[in-house]
Amino acid sequence: MSKKVKIGIGIVFGMVVIFYSWLYIVGNLSVADKKRLTVKGLHQNVLIERDALGVPTIKAQNEDDLFFGVGYATAVDRLWQMHLLRTVAAGRLCEIAGKDAFGVDLFMRSLNIRDLVKRSLDITPEEYKRPLKAFAAGVNAYVQQAAALPPEFQLTGSDWEDWNIEDSGYVYAMLALGLSLNLHEELFFLKAADKLGAKKAAWLIPTYPDEEIPFREASKFLEYKKSLQSKIFPFKSILDAFQLPEMIAAGMPASNNWAVAPFKSATGKALVANDTHLPVTIPSIWMQMRLQAPTYSAEGVGVAGVPYVLLGYNGKIGWGATMVEADTQDLFIEKIRHNPDTNRLQYFYLGRWIDAKVRKETIKIRFSNDQHITIYETIHGPLIQKALSYLAKGKEVPVAPAVSTQYDVALKTLFSGIDRSGMGIYLMGKAKNMFEFRQALSYLDGSFLNVVYSDGINIAWQTTGKIPIRKNGTGLVPSYGPNGKYDWIGFYPFDLNPNKFNPREGFVATANNRLYPKGSFLKISSAHYGPFRYNRIVERLQAKEKLSAKDMQDMQRDEVSKFALAVKKVLLDPLFWKKVTMAILKLPEQDRENAFKALKAWSQFHGNMSKNSREAAVVGAFFHHVALEIFRDELSEKSLWKMFIETNLRSYNAIEDHLLGREHSPFWDDMRTPEKETKADIIARSLAKAQQEAKGRKWGRLHYIFWQHDLTKDIFPVRFLFNRGPYPIGGSNHTLNVSIYPWGYMKYRYRTLAIPAMRLIVDFSKENPVYLMGHAGQSGNPFSEHYDDMIPYFLQGSFLKNP
């Protein structure tokens with residue numbers, strides 16, 4: 001097909017999309033513009049008002065009508081997004097994306113989210129189901145009145161199915177899955193250890209700056225080294241020629257939050273602040289809303305498909321959350337066979353062969369025949385290597401890693417139990433005091449969060465979620481299943497989860513950092529982010545005797561990198577400076593000149609990753625190039641490098657660890673040369689390349705943000721209707737005003753992958769205490785003025801009304 005024909009088809013396709021989009025927005029506006037609508041299912045009148053940014057205030061006389069209104073307003077703004085979330089969670093993406101999505105569906109079906117939802121709803125009292133039923137009724141009422149569905153339905157040929165309470169359960173499950181990630185790290189280690197050996201691979205999975213390399217944990221690899229994949233799945237993938245759609249940008253959720261006690265507040269009333277770090281998406285993951293009824297009143301952010309405010313203020317309590325980085329996913333290497341007598345799949349456990357549980361399901365595939373699948377489960381969970389094999393052939397996918405393995409692996413998660421998170425989130429919105437709010441937090445079984453909260457007088461922090469207790473090991477790397485040595489034996493009680501109440505320092509804060517002292521018996525995870533953002537928060541909170549809401553806003557805009565300053569300290573250490581200088585002198589003339597210029601830029605750098613800083617450009621480019629210089633020689637295989645980059649985005653990583661120390665690491669030596677390089681040699685090379693790329697430009701000339709719609713970002717000419725940007729941006733991976741880019745990944749280079757998806761401040765001294773702003777817009781409709789009208793506020797770190 002010629003290029004002209006492709007462009008012609010694209011233009012025709014774009015015109016069709018524009019036509020259906022026009023129908024949708026005209027139909028949408030015809031409903032939204034009416035001052036009074038008659039809708040079946042309401043008991044009394046419901047008022048939906050929207051502010052200048054399209055954020056709805058929903059007022060009702062009872063909760064049934066309130067949540068009906070939430071469903072209606074959510075459907076107006078985000079119908080496609082909520083449909084996509086339930087479709088992915090249910091393992092039905094092939095019905096939209098065709099054969100390309102088979103790996104995603106197989107993985108999600110393996111997790112058996114459907115049964116988790118059923119079990120959780122079965123134990124849910126009717127009083128907690130009523131809001132979900134009312135929400136579903138509101139969603140369906142809007143669809144019945146709408147003149148047309150959002151354009152994505154036409155793009156994909158998707159049909160709408162009535163929303164029900166199980167669908168909200170699927171959305172809760174997707175939230176839980178996003179908050180309990182360690183699978184990527186375990187699979188990366190497995191692949192790296194196969195190539196490099198367990199001891200060398202251990203250098204790639206550091207746990208924290210003050211902790212040793214986890215050689216002991218890595219030695220578990222030797223227990224299953226000989227337990228290679230059996231021949232139970234001797235298949236050739238039918239998807240070799242296809243790639244999975246990149247449904248959501250890569251990156252892992254993180255966040256900052258803190259609360260300030262009255263005695264440290266300039267007004268004598270407490271302050272709460274939160275900014276959640278999520279992938280750059282349009283529409284955004286969060287949506288804003290204000291809900292008002294006699295028995296439920298809350299303002300904040302929620303997710304399409306869930307009727308409640310998840311983070312915000314309920315008239316009595318203000319709260320914000322960050323990820324705990326809890327390790328609640330463990331891979332177990334299993335020993336399996338087909339029983340020669342029964343031909344049933346069996347796994348070996350504690351000295352005997354046991355029949356695996358079997359589930360048979362059917363995946364419907366658009367434009368193709370249905371696929372009948374068989375899923376096997378051991379005592380440790382579903383065997384997932386077949387799903388991984390399919391996923392490895394695609395692009396980045398938010399719900400699963402794109403890497404295969406030669407081992408038979410079972411995935412242990414909390415999905416085999418129940419999750420009361422929906423009940424807990426509802427109760428958080430109704431809590432009248434600190435005690436009731438903490439009680440509500442105890443219901444968040446599968447939501448692993450650091451929640452800071454206040455009633456204006458008291459401040460507190462509480463870690464939520466059921467944290468597993470292991471017989472042995474930490475869960476950082478895969479475990480050998482047959483001996484039962486690393487099994488889960490229960491969960492820590494809620495009261496043992498880290499928490500604080502009115503600490504004497506006058507504040508609480510979290511930033512995905514380690515929550516407990518080194519060596520503590522409470523081992524929540526070995527994959528926290530480093531302490532750099534947390535240390536900056538503490539530094540700012542301690543810098544002033546009294547703090548105001550304006551100080552909170554300034555902190556959320558802060559672009560000082562404590563990590564970069566720590567690296568500067570290493571580089572400028574007199575002894576190491578001398579080593580680096582000697583290494584620079586060995587470089588070719590042009591590289592030598594560039595390296596000395598970069599070293600000068602480091603010496604003049606004061607930590608601020610401002611988009612207008614030339615020194616920040618050198619620093620930012622240095623991190624990109626040093627990742628390549630240290631590790632690319634050993635990790636040259638494309639899939640292995642990709643997994644390394646993905647792992648680095650999710651926690652304290654090997655690049656950070658090597659820059660801060662580890663002079664004796666084997667990775668400093670470049671395997672591509674006959675010489676034995678040192679840390680100074682690799683730093684010298686990286687300095688030269690950083691300066692060559694920066695070329696005296698400001699950081700914002702390299703570092704940028706680009707909002708791309710998941711479905712249409714690569715479709716010409718439709719992408720111009722749905723995408724926004726690019727824009728220059730400041731910040732980096734370690735600044736409070738975070739702007740994460742993937743060091744060493746040539747595909748994205750300096751493109752921002754994760755940002756503060758919302759910024760929240762609760763100032764209890766104000767009559768209307770909430771300051772809240774998202775990053776794209778309230779609407780998912782690209783023709784709506786509220787599709788992108790939050791972008792200027794986001795880029796400036798401002799609110800509709802500033803403190």
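Okay, strand S25, residues 724-728: that's where Pro726 sits. The bond between Gly725 and Pro726 is a cis peptide, with omega at about 5°. Keep in mind that this is a predicted model, and that goes for everything I'll show you today.

There's a cis bond at Ile282 and Pro283 as well, again with omega about 5°. Where does Pro283 lie? You'll find Pro283 in a loop, the one that links strand S4 (271-279) to S5.

Let me step back to the whole chain for a moment. We have 27 helices and 27 strands. The chain is 803 residues long, and 63% of them count as buried. For the surface, I've got about 31000 Å² accessible, and carbon and sulfur atoms account for 53% of that. Then there are the contacts: take pairs at least 6 apart in sequence, and 71% of those contacts join residues at least 24 apart.

Next, a little sheet. It's open, it has three strands, and the order is S16-S9-S20 with mixed pairing. S16 and S20 are the edge strands with a single partner each, so each of them has one side with no neighbour in the sheet. As a reminder, strands in a sheet pair through backbone hydrogen bonds, in either the parallel or the antiparallel sense.

Let's go through the two pairings. S9 and S16, which covers residues 409-412, run antiparallel and are joined by four bridges. Within that pairing, Leu331 faces Leu411 of S16, and Ile333 has Val409 as its bridge partner. Over to S20, residues 479-480: here S9 pairs in the parallel sense, over two bridges. Ile333 turns up again, this time opposite Tyr480.

And which way do the side chains of S9 go? Asp330 and Phe332 point one way, Leu331 and Ile333 the other, and all of them are buried. Yes, that includes the aspartate, Asp330.

Staying around there, go to the loop between S8 and S9. Thr328 is in that loop, and Thr328 is buried, at 1% relative accessible area. What does Thr328 touch, if we skip residues up to four places away in sequence? The list is Ser180, Lys412, Thr413, Leu414, Phe448, Lys466, Pro468 and Trp488.

Glu325 is in that loop too, between strand S8 (318-323) and S9. The backbone is the thing to look at here: Glu325 has a positive phi, about 65°, and it isn't a glycine. Buried or exposed, then, for Glu325? Buried, with a relative accessible area of 3%.

Now put Asn343 beside that. Asn343 isn't a glycine, and its phi is positive, about 60°. Asn343 lies in the loop from strand S10 (336-338) to strand S11 (345-349). But Asn343 counts as exposed, at 57% relative accessibility.

One more loop residue, and then I'll get to the pocket. Leu204 is in the loop between helix H10 (198-201) and helix H11 (215-218). Leu204 is buried, with 1% relative accessible area. Its contacts, leaving out neighbours within four places in sequence, are Phe188, Ala192, Leu196, Phe631, Leu635, Phe644, Ala654 and Phe667. Pick Ala192 from that list: Ala192 and Leu204 are 12 residues apart along the chain, and their C-alpha atoms are separated by 8.5 Å.

Right, the pocket. I'm talking about the second largest one, with about 790 Å³ of space. It's lined by 35 residues, and the closest to its centre are Arg290, Glu299, Asn768, Pro769 and Val770. Which elements give two or more residues to that lining? Strand S5 (286-293), strand S6 (296-303), helix H14 (421-430) and strand S27 (770-773). S5 makes the largest contribution, with six residues. By class, the lining of this pocket breaks down into 18 nonpolar, eight polar and nine charged residues.

S5 also takes us back to where we were a few minutes ago, since the loop holding Pro283 runs between S4 and S5. So if you've got the model open, put the Ile282 and Pro283 cis bond on screen together with the S5 part of the lining. That's what I have, thanks.

Conventions: Residues are numbered from 1 along each chain as its sequence is written. This is a predicted model: local features need pLDDT of at least 70, side-chain atom pairs count only at pLDDT 80 or more; totals for chains, interfaces and linings use all residues. Side-chain values use heavy atoms; hydrogens and water are left out. On a 1 Å grid over the protein atoms alone, a cavity is a set of points where a 1.4 Å probe fits but cannot get out, and a pocket is an open set with protein on both sides within 12 Å along at least five of seven lines; lining residues have an atom within 4 Å of a point. Grid points are joined across faces, edges and corners, and a volume is the space filled by probe spheres set on the points. Ala, Val, Leu, Ile, Met, Phe, Trp, Tyr, Cys and Pro count as nonpolar, Asp, Glu, Lys and Arg as charged, and the others, Gly among them, as polar. Buried means under 20% relative accessible area, exposed over 50%, partly exposed in between (1.4 Å probe, protein chains only). Two strands pair if DSSP finds at least two bridges between them. Contact means heavy atoms within 4.5 Å. Accessible areas come from the Shrake-Rupley method with a 1.4 Å probe; for residues, only the protein chains shown count as cover.
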